[in-house]
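Open the structure in your viewer and keep the sequence panel beside it. Each stop below tells you what to select and what to look for.

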Amino acid sequence: MPQSELKLIKKCAEFVEQEKIESLPRGLRGIYVLYKHHSKKGKDKYDVLYIGMARAGRRGGIRGRLKSHRRRKGNSWSHFSAFEVWDNIRDEEVTELEGLFRHIYRRDTKANSLNVQKAFKKLKRVRVKNLGKWK
């Protein structure tokens, strides 16, 4: 198998229609994104509604999490992206990535209420606002 150019992400699929969830293999670990598709001036647009993470195990990885979201909020989103992490990436590292991404847009006025996220506490603990202390 050829090596990925990325250290964290093994494979990804972006802007996939919700109906194609079953095409994903079971047990994938990583980050996924739910989108609402719309067209603006003839161009496809995808608004981020939710960012989540999946571990392998009893919930079935990314595929299982997407199926769960489809059962609960299937009408709210139309597409997804899936980002599989390498086997040597620990679940704690995946959790950190998810927290970082959700933290970045937690105050975005266009972000949907599906993604209720306060601040990522671990990130708040390492925050240094005085850039002069970054040396």
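Begin with the sheet. In this predicted model, 4 strands make an open sheet in the order β1-β4-β2-β3, with antiparallel pairing. Colour β1 and β3 first: these are the edge strands, and each of them pairs on one side only. Turn the view to look along the sheet, and you will see neighbouring strands turned against each other by 20° on average, direction ignored.

Now show the whole chain as a cartoon. The protein chain has 3 helices and 4 strands, and along the sequence they follow the pattern β-β-β-α-β-α-α. Of its 135 residues, 36% count as buried. Among contacts between residues at least 6 apart in sequence, 69% join residues at least 24 apart. If you switch on the surface, its accessible area comes to about 9,700 Å², with 50% of that belonging to carbon and sulfur atoms.

**Stop 1: the hairpin**

Select residues 30-40, which are strand β2, and residues 43-54, which are strand β3. How many bridges join β2 to β3? There are 11, and the two strands run antiparallel. They form a hairpin with 2 residues between them. Pick K41 in the turn: its phi is positive, at about 55°. Next to the turn, K40 stands opposite K43 in β3. Further along the ladder, Y35 stands opposite V48 in β3. While side chains are shown, keep a general rule in mind: in a regular strand they alternate between the two faces of the sheet.

**Stop 2: the aromatic rings**

Show the side chains of the aromatic residues. The structure holds 4 aromatic pairs. A pair of rings is described by the distance of the centres and the angle of the planes. Select F15 and Y35: their ring centres are 4.9 Å apart and their planes meet at 40°, so the pair is tilted. This pair links distant parts of the chain, with F15 in strand β1 (residues 9-17) and Y35 in strand β2, 20 residues apart.

Is each of these two residues buried or exposed? F15 is partly exposed, at a relative accessible area of 33%. Y35 is buried, at 7%, because buried means under 20% relative accessible area. Add Y46 to the selection: F15, Y35 and Y46 form one aromatic cluster.

Then move to Y32 and Y50. Their rings form a tilted pair too, 6.1 Å centre to centre with 35° between the planes. Y32 belongs to strand β2 and Y50 to strand β3, 18 residues apart, and this pair again links distant parts of the chain. Y32 is buried, with a relative accessible area of 0%. Y50 is buried as well, at 11%.

**Stop 3: the helices on the sheet**

Select residues 61-73, helix α1. It has 13 residues and reaches 18 Å from its first C-alpha to its last, close to the 18 Å expected at 1.5 Å a residue. Helix α1 lies across β2, β3 and β4, and runs at about 45° to β2.

Which residues of α1 are buried? They are G61, I62, R63, G64, R65, L66, S68 and H69. These buried residues pack against β2, β3 and β4 (79-85). As a general guide when you look down a helix axis, an α-helix has 3.6 residues a turn, so residues three or four places apart point the same way.

Then select residues 91-104, helix α2. It packs on the sheet, touching β2, β3 and β4, and its direction makes about 135° with that of β3.

**Stop 4: a glycine in a loop**

Select G27, in the loop between β1 and β2. At 34% relative accessibility, G27 counts as partly exposed. Leaving aside residues up to four places away in sequence, G27 touches A56, G60 and G61. Of these, G61 is also among the buried residues of α1. Now draw a distance from G27 to R55: their C-alpha atoms are separated by 7.5 Å, although the residues are 28 apart along the chain.

**Stop 5: back to an edge strand**

Finish with K11 in strand β1. K11 counts as partly exposed, at 44% relative accessibility. Where does the chain come back towards this residue? Select V85: it is 74 residues from K11 along the chain, and their C-alpha atoms are separated by 7.3 Å. V85 falls in β4 (79-85), and β1 and β4 stand next to each other in the sheet order.

Technical notes:
Residues numbered from 1 in each chain as written. Predicted model: local features only at pLDDT ≥ 70, side-chain atom pairs only at ≥ 80, totals over all residues. Heavy atoms only, no water. Phe/Tyr/Trp six-rings, centres within 6.5 Å; stacked < 30°, edge-to-face > 60°. Buried < 20%, exposed > 50% of the residue type's maximum accessible area, 1.4 Å probe, protein only. Pairing = 2+ DSSP bridges. Contact = heavy atoms within 4.5 Å. Areas by Shrake-Rupley, 256 points an atom, 1.4 Å probe, with all protein chains shown as cover. Expected span 1.5 Å × (residues − 1). Axes fitted to C-alpha atoms, helices over the stretch in contact; angles between N-to-C directions.
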